[in-house]
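Here are my notes after a pass through the model, as numbered points. Have the structure open while you read.

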Amino acid sequence: MDQLEFDQRFMSRAISLAQAASAAGEVPVGALVVDPHTGKIIAEAANAPIAGHDPTAHAEICALRLAGQKLKNYRLHGCWLYVTLEPCAMCAGAIAHARIERLIFGASDPKGGAVISGTQFFEQPSCHWKPQVTGEIMAEESANLLTTFFKKRRS
């Protein structure tokens, strides 16, 4: 399996998580932490700020928390994070603190993203860890989930 196929396999799972978030009335974002050496999912989560009454319950944060608990370590060295939407500044900060080796995201987020958009968190001098970043993996599918979700909310 080549790198793109590997990434698409896990992004497909993240999209399934995002679909579940949407069905629960949450903004459709899904994330998972993967061990690239074994190809196993360590943790997965969907957006849950509404259900959890927690403004920090973005999919990335939830997946990172679960992975840390499972691995019994707050550092997730060697792990990859897949997420359907470009992370915001809060999530980018958590990714840096967790020492994620590689970040793979779906749709870019010109309004709220902080990786290739906005503040470009990992490029700031105050950022102490920068993962390898791959964007736009299954971007159209991820973006369509968000567009559909917000169209329904506005109608």
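1. Start with arginine 99, which sits in the loop between H4 and E4. Keep in mind that this is a predicted model. The phi of arginine 99 is near 65 degrees, a positive value in a residue other than glycine. Most residues other than glycine have a negative phi. Arginine 99 comes right after H4, and its relative accessible area is 16%, so it counts as buried.

2. Methionine 138 is another one to click on. Its phi is near 55 degrees, again positive in a residue that isn't glycine. You'll find methionine 138 in the loop between E5 and H5. Buried or exposed? With 17% relative accessibility, methionine 138 counts as buried, because the cut-off for that class is under 20%.

3. Back to the helix ahead of arginine 99. H4 covers residues 89–98, and its buried residues are Cys91, Ala92, Gly93, Ile95, Ala96 and Ala98. An α-helix has 3.6 residues a turn, so residues three or four places apart point the same way. What do the buried residues of H4 pack against? Their partners are helix H3 (59–71) and two strands, E3 (80–85) and E4 (102–107).

4. Now the overall layout. The chain has 5 helices and 5 strands, and reading along the sequence gives α-β-β-α-α-β-α-β-β-α. The radius of gyration is 14 Å, close to the 15 Å from the globule rule for 155 residues, so the chain is as compact as a globular protein of that length. The C-alpha trace spans about 45 × 35 × 30 Å along its principal axes.

5. Two chain-wide numbers go with that. Of the 155 residues, 47% count as buried. If you take the contacts with a separation of 6 or more, 59% of them come from residues 24 or more positions apart.

6. If you are thinking about pockets, the largest one has a volume of about 440 Å³. It is lined by 19 residues, and those closest to its centre are Val27, Val29, Leu85, Asp109 and Leu146. By class, the lining divides into 10 nonpolar, 4 polar and 5 charged residues. Which helices each supply at least two residues of that lining? They are helix H2 (49–52) and helix H5 (139–154).

7. H5 also holds arginine 153. At 51% relative accessibility, arginine 153 counts as exposed, because that class begins over 50%. The C-alpha atoms of arginine 153 and alanine 24 are 129 residues apart along the chain and separated by 13 Å.

8. On to the loop between E4 and E5 (132–134), where glycine 118 lies. Glycine 118 has a relative accessible area of 61%, so it is exposed. From glycine 118 to alanine 89, the C-alpha separation is 8.8 Å, with the two positions 29 residues apart along the chain.

9. Glutamine 120 is in the loop between E4 and E5 too. Here the relative accessible area is 33%, so glutamine 120 is partly exposed. Leaving out residues up to four places away in sequence, glutamine 120 touches Ala114 and Val115. Measuring C-alpha to C-alpha in the model, glutamine 120 and arginine 102 are 16 Å apart in space and 18 residues apart in sequence.

10. Last, the cysteines. How many disulfides does a search of the whole structure find? The count is 0. Cysteine 62 is in no disulfide, and the nearest cysteine sulfur, in cysteine 91, is 8.8 Å away. That partner is one of the buried residues of H4. Cysteine 62 itself counts as buried, at 16% relative accessibility.

11. Why is cysteine 127 not bonded to cysteine 88? The sulfur of cysteine 88 is the closest cysteine sulfur to that of cysteine 127, yet the two are 14 Å apart, too far for a bond; a disulfide needs the sulfur atoms within 2.5 Å. Cysteine 127 also counts as buried, with 16% relative accessibility.

Conventions
Residues numbered from 1 in each chain as written. Predicted model: local features only at pLDDT ≥ 70, side-chain atom pairs only at ≥ 80, totals over all residues. Heavy atoms only, no water. 1 Å grid on protein atoms, 1.4 Å probe; cavity = no way out; pocket = protein on both sides within 12 Å on 5 of 7 lines; lining within 4 Å. Points joined across faces, edges and corners; volume = space filled by probe spheres on them. Helix = DSSP H or I, 4+ residues; strand = E, 2+ residues; numbered from the N terminus. Nonpolar A, V, L, I, M, F, W, Y, C, P; charged D, E, K, R; others polar. Buried < 20%, exposed > 50% of the residue type's maximum accessible area, 1.4 Å probe, protein only. Rg over C-alpha atoms; globule rule 2.2 N^0.38 Å. Contact = heavy atoms within 4.5 Å.
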